[in-house]
Amino acid sequence: MMKDETEEKNCVKQREALYRLIISQLYYDGYSQIALNLTTEVQADPPCPPSERLLHVVNAGLQHEPDRHKNREPVPGLNPIQEILIGPGLDLEYETEVDVTAPEPALYETAYVTSHKANCRAGAFSCDGQLVATGSVDSSIKILDVDRMLAKSCPDGLEPTTDTQGHPVIRTLYDHLEEVTCLEFHPKEPFLISGSRDCTIKFFDYAKASVKKAFKTLTDVEQVKCMSFHPSGDFLVVGTNHPVIRMYDFNTGQCYVCNVPSHQHTASITSIKFSQNARYFASTSRDGSIKLWDGVSNRCVNTFVAAHDGAQVCSIQFTRNAKYMLSSGKDSIVKLWELSTSRCLIAYTGAGTTGKQEHRAQAVFNHTEDFVMFPDEATTSLCAWNSRNASRMNLLSLGHNGPVRMIVHSPHSAAFLTCSDDFRARFWYKRLQTH
């Protein structure tokens with residue numbers, strides 16, 4: 001306890017010193033009124049003299065920044081080549097000004113459209129980004145090949161870079177009795193996992209062309225709403241209409257739950273996601289809270305109560321470095337949370353034309369984490385922001401005739417999938433410019 005109090009006092013002193021440096025620099029640069037306002041706000045005593053010491057401190061620190069970046073731990077789940085191609089992702093601890101090289105989401109174009117016989121409400125990318133899956137209220141599941149979809153939409157004069165002959169839909173699976181609510185690709189094996197309103201979780205081996213039925217089924221007493229794989233593929237966390245989260249051993253089917261009742265949500269689960277380093281998983285609920293869980297002990301370690309001011313929380317996603325979480329709520333606001341301080345760092349606003357959504361929608365990062373993307377329910381357009389400063393980007397009309405019920409972005413390339421109540425799933429892609 002004494003150690004924590006000492007550290008807290010040291011942090012307070014360091015912040016006071018920082019504020020004094022800022023005020024002195026403002027005075028030195030001629031911004032007297034701003035400096036005076038800040039002096040009053042932070043109650044700086046004694047008054048700060050004009051000084052440019054902060055400039056020298058910053059210059060000295062920036063000279064060491066490259067080494068600190070070089071020595072950072074690699075991003076879990078990425079090989080060195082992938083990290084070079086798409087960057088280390090969002091890290092506000094080091095970043096202030098970043099050159100964004102990824103294409104703005106408004107520049108993506110529809111590359112392929114597939115249709116179900118009823119509302120399309122579930123979608124997923126494989127971990128390598130080569131496959132997508134869609135699920136429908138008609139209880140069917142489709143698996144599509146990304147290269148084949150791109151070949152179908154290849155502009156005149158451009159040749160596909162790979163042998164992509166064949167129909168983009170490589171598998172159509174029928175084994176559920178009701179709506180398919182969620183889909184997850186196994187991180188290491190050619191398996192697709194589906195959850196349904198029929199209270200079952202199905203395991204499909206899509207490596208076998210003739211197979212349309214699941215090779216394993218887990219039965220629950222509640223409708224399955226969401227799920228996420230442990231990065232090893234050995235465990236699957238599942239959210240249902242019941243407040244208690246299930247964790248399944250993938251190999252044995254054994255189910256585990258946290259043995260502390262007070263740790264659980266008080267309403268049904270709406271979203272669940274493992275971090276890439278497997279230390280945590282996070283869950284959201286109709287009760288308006290976000291919970292952070294220890295990935296080993298399966299116990300809740302933090303609760304963000306009324307995370308969206310009492311509105312239902314709809315989605316959760318970790319950044320690749322697991323320092324931050326991105327959430328969306330039925331208040332049409334997207335928030336970035338810092339795990340180390342348990343606070344909201346950024347609110348991405350202006351998406352909801354009505355201010356309140358009827359359906360749940362997901363907020364996602366693009367593959368480089370430079371942009372945050374969120375579908376507006378009323379206009380069926382895609383809202384996007386710069387992830388670091390929350391500046392609004394151009395809107396993209398998603399072309400659906402009904403609300404978008406699922407959006408998921410490719411982990412490695414400029415591509416995303418939208419699933420809608422108009423029965424259709426659209427695959428969006430931004431081609432590289434060729435000269």
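Q: Two strands pair if DSSP finds at least two bridges between them; what makes strand E3 and strand E4 a pair?
A: Strand E3 (residues 131-136) and strand E4 (residues 140-145) share five bridges, so they meet the rule for pairing. Their sense is antiparallel, and one bridge links Ala133 to Ile143 in E4. The strands themselves are DSSP runs (E, at least two residues; helices are H or I, at least four), numbered from the N terminus.

Q: What kind of model is this, and how are its residues and side chains treated?
A: This is a predicted model, in which local features need pLDDT of at least 70 and side-chain atom pairs count only at pLDDT 80 or more, while totals for chains, interfaces and linings use all residues. Residues are numbered from 1 along each chain as its sequence is written, and side-chain values use heavy atoms, with hydrogens and water left out.

Q: How confident is the predictor, and which stretch has a pLDDT below 50?
A: On pLDDT, the predictor's confidence in each residue from 0 to 100, the protein averages 89, and 89% of the residues score at least 70. Residues 156-162 are the stretch below 50. Beyond near neighbours in sequence, that stretch has five contacts in the model (contact means heavy atoms within 4.5 Å).

Q: Which strands are the edge strands in the sheet E2-E3-E4-E5?
A: They are E2 and strand E5 (169-174), each of which pairs on one side only. The sheet is open, with four strands and antiparallel pairing. On average, neighbouring strands are turned by 20° against each other, direction ignored; the axes are lines fitted to C-alpha atoms (for helices, over the stretch in contact), with angles from 0 to 180 degrees between N-to-C directions.

Q: How do you know that strand E16 and strand E17 pair?
A: Four bridges join strand E16 (residues 290-294) to strand E17 (residues 300-304) in the antiparallel sense, so the pairing rule is met here too. Lys291 has Thr303 as its bridge partner in E17. Five residues lie between the strands of this hairpin, where Asn298 takes a positive phi near 65°.

Q: Why is Phe203 called buried, while Phe215 is called partly exposed?
A: Buried means under 20% relative accessible area, exposed over 50%, and partly exposed in between (1.4 Å probe, protein chains only). Phe203 has 2% and is therefore buried. Phe215 has 45%, so Phe215 counts as partly exposed.

Q: What makes Phe203 and Phe215 an edge-to-face pair?
A: Rings of Phe, Tyr and Trp (its six-membered ring) pair if their centres lie within 6.5 Å; planes under 30 degrees apart count as stacked, over 60 as edge-to-face and the rest as tilted. The structure holds 14 such aromatic pairs. In this one, the centres are 6.2 Å apart and the planes 65°, so edge-to-face is the right name. Phe203 lies in strand E8 (residues 200-205) and Phe215 in the loop between E8 and strand E9 (216-219), so the pair ties together parts 12 residues apart in sequence.

Q: Why is the pair of Phe274 and Phe281 called tilted instead?
A: The centres are 5.2 Å apart, with 55° between the planes; that angle fits neither the stacked nor the edge-to-face class, so the pair is tilted. Phe274 is buried at 7%, and Phe281 is buried at 0%.

Q: What makes a set of residues a nonpolar core, and which residues touch the most other members of the largest one?
A: A nonpolar core is a set of buried Ala, Val, Leu, Ile, Met, Phe, Trp, Tyr and Cys residues joined through side-chain atoms within 4.5 Å. The largest has 17 residues, of which Phe125, Val132, Val146, Met149, Leu417 and Phe427 touch the most other members. Among the elements that each supply at least two residues are strand E1 (109-115), helix H5 (146-152) and strand E28 (424-429). A second, separate core of 15 residues includes Ala351, Phe365, Val372 and Cys383.

Q: How do you know that Cys48 is buried?
A: Its relative accessibility is 10%, which is below the limit, so Cys48 counts as buried. Cys48 is found in the loop between helix H2 (32-42) and helix H3 (53-70). Leaving aside neighbours within four places in sequence, Cys48 is in contact with Arg20, Ile23, Ser24 and Tyr27.
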